[in-house]
Amino acid sequence: MPAAAQTQLAPGWQLETTGLFYGEQLRAKVVEPTGRLTRQFANGRALSLGLAVDAITGASPTGGLPTGQVQTTTSSSGRSSTTTADAVPTHPFQDLRYAADLGWVEPLGSLVSASTSAHFSQEKDYASIGGGLKTSVDVLNRLVTLTAGAGYNRDRVFPTGGTAVGLAPDDTPRIPGDNPKEVRTGLVGISRVVSRRWLLGATGSQTRETGYLTDPYKIISLTDPETQLPVAQVNEKRPSERLRDDVLASSVYHFEQDIFYMNYRYYWDDWGVRSHTLDMKVRHDLSSESWVQPHVRLYAQSPASFFVFGLTQGRPLPEFASADERLGPLRTATFGATYGFRVPGHRGEFTLRGEYMYQWLVGRPPTAIASSTNTPAGDDSGGGGQHLGTNIGTILIGYTVPF
Amino acid sequence: MTTRRRTFAALLLLAGIGVPGCATVHPWDRDLMAKPTMRFVPVPHEMAVDDHIYFSKEGSTGGMDAAGGGCGCN
Amino acid sequence: MVGSVSDDDNRVEHMTAREGSWCSLPRSRSQLTEERDRVRNPWTIALALALVAVPVLAKTTKQAPVAPAFTLPGMKGDVALESLRGKTVLVDFWASWCGPCRQSFPWMNDLEKRYGGKGLAIVAVNLDKDREFANNFLAEVPASFTVAFDPSGKTAESYKVKAMPTTFLISPDGKLLATHTGFDAKHAPEFEAQIAEALPK
């Protein structure tokens with residue numbers, strides 16, 4: 001929102017509620033209702049309160065290697081799960097997360113707007129509290145808007161059963177207690193009305209994280225050098241600092257009827273992770289009361305320098321290692337569409353979005369030899385190990401109403 | 001590209017957006033820009049949900065959007 | 001570009017010389033001091049001030065410009081500025097998508113009621129590209145004053161409109177007295193006083 005536009009919003013209340021239903025094939029399922037109440041005041045000031053609850057159940061990959069045979073893993077809370085042959089081992093979990101945020105917008109004159117926010121979240125093994133500040137200024141006859149912002153977060157990680165000792169065997173006794181983590185972010189942005197139809201923008205941000213950055217439940221398989229079967233497991237270990245950078249270029253273009261949105265983000269950090277994200281949407285009005293918005297998002301990531309699919313037993317352990325697929329050579333493709341409509345005579349707007357996501361790792365080694373009915377190692381002609389992707393579906397319902 | 005060169009290139013891209021162009025946009029040509037759908041995030045609650053999903057499932061963060069556009073009134 | 005001047009023995013460190021640039025020769029500390037004094041010379045200051053003052057003075061002592069003429073279609077027939085000579089005219093440029101314009105209409109309706117009979121003429125020039133949007137707006141926010149339509153924006157351009165809305169106060173003899181950009185309920189009484197002052201006696 002450009003600084004000047006903030007002072008023109010009609011005073012009043014707005015309520016926005018959403019419900020997310022998220023499901024990964026054979027893995028996690030999440031249900032997340034949210035609510036947001038906004039009060040717009042006459043002088044351009046605004047107050048906003050948001051609440052969200054996440055109920056997460058299901059299974060998450062442990063980081064272990066798939067093999068040609070059935071594996072049984074036991075989670076830190078003592079629950080065991082069985083993994084079928086060729087499937088990525090997972091461990092079951094269940095969690096409830098609460099989050100709340102508060103925001104305030106204050107116009108400073110007709111060309112400048114400032115906003116502050118505070119947020120808080122709590123779950124079984126993670127607590128986070130933080131705040132942010134953002135300012136925007138309109139210049140060049142309100143054709144260009146400059147934005148700068150900063151944020152600070154203080155988190156506590158207190159894994160169930162204690163903190164795992166990095167790169168030690170996974171049955172090493174865990175250390176009780178909290179692990180702190182600090183996150184500091186800065187961002188600058190510029191946007192420009194290029195023509196009557198075209199709005200362009202770019203932002204750059206940098207984030208520094210310090211503290212406990214390891215995933216407390218992920219392990220790495222140690223494989224036998226000959227059979228390549230996983231024979232042992234060690235906990236993962238990540239550095240205690242991370243510097244992240246990203247640039248985002250955005251474009252909004254209004255054709256005769258439809259509006260085309262395109263975002264490209266390039267991300268890099270000092271763990272070696274680099275990624276490209278391309279996100280495109282088209283807003284098409286079906287009538288004066290309804291619209292449809294198809295959406296495509298493509299994502300490609302190159303792995304962290306210390307990412308490994310598995311480690312070989314007997315070799316010296318590296319300083320840092322993780323088999324978490326979120327730090328690996330990951331690809332995500334998302335396809336979906338939103339349908340929005342107003343009920344005649346009613347001021348509220350409903351939205352319904354369905355999306356399909358497919359996520360996979362490239363370069364995954366073929367699954368190790370197992371039973372005689374399996375194909376030998378090295379033969380990747382359709383051995384399950386090469387194409388282990390995750391199918392994810394989401395449904396998001398939303399309702400926004402002014403009053 | 002080294003990190004410093006990447007940062008410099010990023011800042012250049014940012015600055016490039018602000019450089020005055022050939023065609024100016026008259027205040028009365030802001031009719032389309034005034035529409036609530038003419039902003040970087042047309043459906044804010046979707047962005048909040050997506051940020052959370054992709055943050056949990058991928059290794060990257062950020063891409064926060066800037067303010068901009070609008071009817072330019074007052 | 002001048003780099004740093006080292007303190008010891010007047011040696012200049014780290015200069016970058018550029019072809020054709022005015023600062024192409026290395027300078028010693030004494031040379032730089034000399035140049036600084038030259039710039040601070042009282043005559044130079046006077047010249048600099050004069051260069052700034054002339055356009056500023058010219059602007060303020062200039063004769064009030066003539067309001068550009070226009071003939072635009074209205075709700076019933078054409079609206080021509082010349083035909084309003086002898087009245088104090090308020091020309092307001094607005095559009096249906098402009099939030100503050102919505103707030104300014106009740107104020108202008110009020111002005112029309114109180115000063116319409118005392119020689120005030122209000123012409124609200126609409127800049128919507130599609131007449132239908134303007135009609136929808138007027139159905140919601142009716143205007144008791146004259147409305148004219150300028151979809152091509154040519155009249156707005158002749159008035160050098162810089163923001164939406166912009167209101168021009170024109171004297172009975174056709175001179176541009178004041179320009180107000182934007183609409184703000186807080187500053188409206190001040191503007192109203194200006195209008196009352198400008199009414200034909």
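What share of the contacts in chain C with a separation of 6 or more comes from residues 24 or more positions apart? The figure is 63%. Keep in mind that this is a predicted model. With that said, chain C is a good place to begin.

Chain C contains 6 helices and 7 strands. Read from the N terminus, its elements follow the order α-α-β-β-β-α-β-α-β-α-β-β-α. The chain has 201 residues, and 25% of them count as buried.

Now find the sheet. In chain C, 5 strands make an open sheet, ordered E5-E4-E3-E6-E7, with mixed pairing. Its edges are strand E5 (146-149) and strand E7 (176-181) of chain C, each of which pairs on one side only. On average, neighbouring strands of this sheet are turned by 20° against each other, direction ignored. A helix also belongs in this picture. Helix H3 of chain C, residues 99-115, packs on the sheet and touches strand E3 (88-94) and strand E4 (120-126) of that chain. The direction of H3 makes about 155° with that of E4(C).

Move to the E7 edge. Strand E6 of chain C, residues 166-170, is joined to E7(C) by 5 bridges, and the two run antiparallel. To locate the pairing by residue, start from Leu169(C): Ala178(C) in E7(C) stands opposite. As a general point, strands of a sheet pair through backbone hydrogen bonds, either parallel or antiparallel.

Next comes the nonpolar interior. The largest nonpolar core has 59 residues. Ala95(C), Ile122(C) and Val123(C) are the residues with the most contacts inside this core. E4(C) gives the most to the core, with 6 residues. Ala95(C) deserves a closer look. Set aside its neighbours within four places in sequence. Ala95(C) is then in contact with Trp28(B) and Asp31(B), among others. Its partners in chain C are Cys101(C), Asn126(C), Leu127(C), Asp128(C) and Met164(C).

Turn now to chain A. What does chain A contain in the way of helices and strands? The count is 1 helix and 21 strands. Of the 403 residues in chain A, buried ones make up 35%. Among contacts in chain A with a separation of 6 or more, 60% are between residues 24 or more positions apart.

Strand E10 of chain A, residues 179-193, is a useful landmark, and Leu187(A) lies in this strand. Is Leu187(A) buried or exposed? Leu187(A) counts as buried because it has 23 C-beta neighbours inside 10 Å, and the cut-off for burial is 20 or more. Thr135(A) is 52 residues away from Leu187(A) along the chain, yet their C-alpha atoms are separated by 10 Å.

Follow E10(A) to its pairing partners. Strand E9 of chain A, residues 144-157, is joined to E10(A) by 14 bridges, and these strands run antiparallel. Here Leu187(A) appears again, as the bridge partner of Gly149(A). E10(A) also pairs with strand E11 of chain A, residues 198-211, in the antiparallel sense over 13 bridges. In that pairing, Gly189(A) has Thr203(A) in E11(A) as its bridge partner. How many residues does the hairpin use to join E10(A) to E11(A)? The hairpin runs through 4 residues.

Conventions: Residues are numbered from 1 along each chain as its sequence is written. Chains are lettered from A and ligands numbered from 1 in the order in which they are written. This is a predicted model: local features need pLDDT of at least 70, side-chain atom pairs count only at pLDDT 80 or more; totals for chains, interfaces and linings use all residues. Two strands pair if DSSP finds at least two bridges between them. Axes are lines fitted to C-alpha atoms, for helices over the stretch in contact, and angles run from 0 to 180 degrees between N-to-C directions. Two residues are in contact if their C-beta atoms, placed from the backbone, lie within 7 Å. A residue is buried if 20 or more other C-beta atoms lie within 10 Å of its own, exposed if 12 or fewer, and partly exposed in between; C-beta atoms are placed from the backbone. A nonpolar core is a set of buried Ala, Val, Leu, Ile, Met, Phe, Trp, Tyr and Cys residues joined through C-beta atoms within 7 Å.
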